[in-house]
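Trainee: I am new to this protein and would like to take a close look at one small part of it. Please begin there and then follow the connections outward.

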Amino acid sequence: MRYISTRGNAPVLDFEGVTLAGLAADGGLYVPETWPSFSRDEIAAMQGLSYVETAVRVMAPFVAGSLTEDELRDLCTTAYSRFAHAAVTPLVQLDQRHWLLELFHGPTLAFKDVALQLVGLLFERFLAGREGQLTVIGATSGDTGSAAIDALAGRVGVDIFMLHPEGRVSDVQRRQMTTVIAPNIHNIAIRGDFDTAQALVKAMFRDPAFSTRYALSAVNSINWARLMAQVVYYFYAAVRLGGPERPVAFSVPTGNFGDVFAGYVAARMGLPIERLIVATNVNDILHRALSTGDYSSGTVTPTATPSMDIQVSSNFERLLFELGDRSGAALAAQMAGFESSRAMMLTNRQREGAAGLFTSASIDADGMGQALRWAHERSGQVIDPHTAIGLAAARADVGNTPMVTLATAHPAKFRDAVERSTGVRPGLPARMGDLFSREERYDTIDATFDAVTDYIAQRATPRG
Ligand SMILES: *Cc1c(COP(=O)(O)O)cnc(C)c1O
């Protein structure tokens, strides 16, 4: 499989190349040159397959040329053996119509593990044949950081610098990052919000001298391999609920538009998905873009769902590319306009295209609290606040298609907010061990390009 940039002006890469590259050199994001697709019979044949076998079927076309099917199976077997549930991503029924797809049974309790456990192994495998050290840099609103650090700690050939917004991640999230003490792990608290941290990371990639000198790479959800791994659970869940005969709808708590874009990919590959609900909190740039066409970023309001406190959703660019007839030149111009004014209008074509599959909702703190209580009182499920945003949006949807809300984090990761709404304080699973008595290690620095690049330059291994 070959991969092209959404801005049409970067080298075409194979799967190995896009996995290690992250962002494309022209500032765009990599997407497959063509979308593989499955027939109804091929999807029906996924019924009853294990998670790992489903993963191999769904991902094989994307890794073709870089990994054999057996190699892919070995990596998936290892990656998903670290999950605490035998079904990896089990479905839980809430009432007649609503299901939760529990994506939080991995080592760091959020759905990011589903992709990053695999990506960590892919990095190790692809780096084994290369010279020199790779420097992974990332910005996290909490969950990517802990999942990436767990996946890469101690791995040979790669250093990781993870920026999180100071004071804007939960204490469980912070400790899951800062208590991993390994020589290749560097945690940085940025004096700023998540969007500022993300902008700093993008600026480092855009600096050719810096990014070449330190062989920069990304594990944020701009990394194609992550999205690819997330496509799997849409197939796995839909097939269990009667797909491909019966279409299914998904409600996705959304921040950077990675997880829900994976749902779009599943639909492009032939999975009958009736609807994808983009569920946002009050930081609702995506809801405004999808409902009015106005994609303009405001300031971030901190909420009880920090992983969705985002005003610029990187992966939305991938959707705009698809809906704009895959014209890299047109999208490069549209994105340049956005980057200078922080605002843009979707074209009519992009709006109409999106309306065919997506709906959206913005859920405030009351709506979130009600959904937390509803799940608890109706079906005894203690859910996390992000999941509650998704569930609130799902419940507002009318119809009778089976509705799956992606449960993106374990409630214990956000236990203060859960306790405030339900009165229940969820316990940390035993596999978290002594998280609160471990030593933390991180540095706090100013949110400026110079401060961050100086910090990294003092600790990373330059090329050559
Ligand atoms: C990352 C995250 C999200 C948002 O996912 P995107 O792929 O960025 O849209 C939602 N909920 C939780 C718990 C997360 O960690």
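Trainee: How many bridges join strand β1 (residues 2-5) to β2, and do the two strands run parallel or antiparallel?

Mentor: Strand β1 is joined to β2 by 2 bridges, and the two strands run antiparallel. Keep in mind throughout that this is a predicted model. To locate the pairing in the sequence, find Y3, whose bridge partner in β2 is L13.

The two strands belong to an open sheet of 3 strands, and the order is β2-β1-β3, with antiparallel pairing. The edges are taken by β2 (13-14) and β3 (30-32); each has a single partner strand, so one side of each is left without a neighbour in the sheet.

A helix is the next thing to look at. Helix α13 lies across β1 and β3, and its direction makes an angle of about 50° with β3. Helix α13, residues 316-323, also leads to a pocket.

That pocket is the second largest, with a volume of about 320 Å³. It is lined by 18 residues, and those closest to its centre are K202, V312, F338, E339 and R342. Two or more lining residues come from each of α8, α13 and α14 (328-341). Helix α8 gives the most, with 6 residues. By class, 9 residues of this lining are nonpolar, 3 are polar and 6 are charged.

Helix α8 is therefore worth following, given its 6 residues in the lining of the second largest pocket. Residues 194-206 make up α8, and the helix lies across β6 (134-139), β7 (158-165), β8 and β9, running at about 150° to β6. Those strands are part of another sheet, an open one of 5 strands in the order β9-β6-β7-β8-β16, where the pairing is parallel. At its edges stand β9 (216-217) and β16 (443-446); each has a single partner strand, so one side of each is left without a neighbour in the sheet. Strand β8, residues 185-191, is joined to β16 by 4 bridges, and the two run parallel. One pair to look for is I188 with its bridge partner D443 in β16.

From here the path goes to the largest pocket, which holds about 590 Å³ of space. Its lining has 24 residues, and A21, S211, A215, L216 and R463 are the ones that lie nearest its centre. Helices α1 (15-21), α8 and α9 (208-213) each supply at least two residues of that lining. The largest share, 3 residues, is from α1. Sorted by class, the lining of the largest pocket contains 13 nonpolar, 7 polar and 4 charged residues.

Enclosed space comes next. A search of the whole structure finds 3 cavities of 30 Å³ or more. The second largest cavity has about 80 Å³ of space, and its lining consists of L23, Q198, V201, K202, F205, N220, I222 and S314. K202 also appears among the residues closest to the centre of the second largest pocket. The lining of the second largest cavity divides into 4 nonpolar, 3 polar and 1 charged residues.

The largest cavity has a volume of about 280 Å³. It is lined by 28 residues, of which F111, K112, G255, N256 and S307 lie nearest its centre. Elements that give two or more residues to this lining are α6 (143-152), α10, β10 and α11 (258-268). Helix α11 provides the largest share, 3 residues. The classes here are 10 nonpolar, 14 polar and 4 charged.

The last topic is charge pairing. Side chains of opposite charge can pair when their charged atoms come close. The structure holds 28 salt bridges. One of them pairs R40 with E245, with 3.6 Å between the closest N and O atoms. R40 sits in helix α2 (residues 40-44), while E245 is in the loop between α10 (224-240) and β10 (248-253), so this pair links distant parts of the chain, 205 residues apart.

Terms used. Residues numbered from 1 in each chain as written. Predicted model: local features only at pLDDT ≥ 70, side-chain atom pairs only at ≥ 80, totals over all residues. Heavy atoms only, no water. Pairing = 2+ DSSP bridges. Contact = heavy atoms within 4.5 Å. Axes fitted to C-alpha atoms, helices over the stretch in contact; angles between N-to-C directions. 1 Å grid on protein atoms, 1.4 Å probe; cavity = no way out; pocket = protein on both sides within 12 Å on 5 of 7 lines; lining within 4 Å. Points joined across faces, edges and corners; volume = space filled by probe spheres on them. Nonpolar A, V, L, I, M, F, W, Y, C, P; charged D, E, K, R; others polar. Salt bridge = Lys/Arg side-chain N within 4 Å of Asp/Glu carboxyl O.
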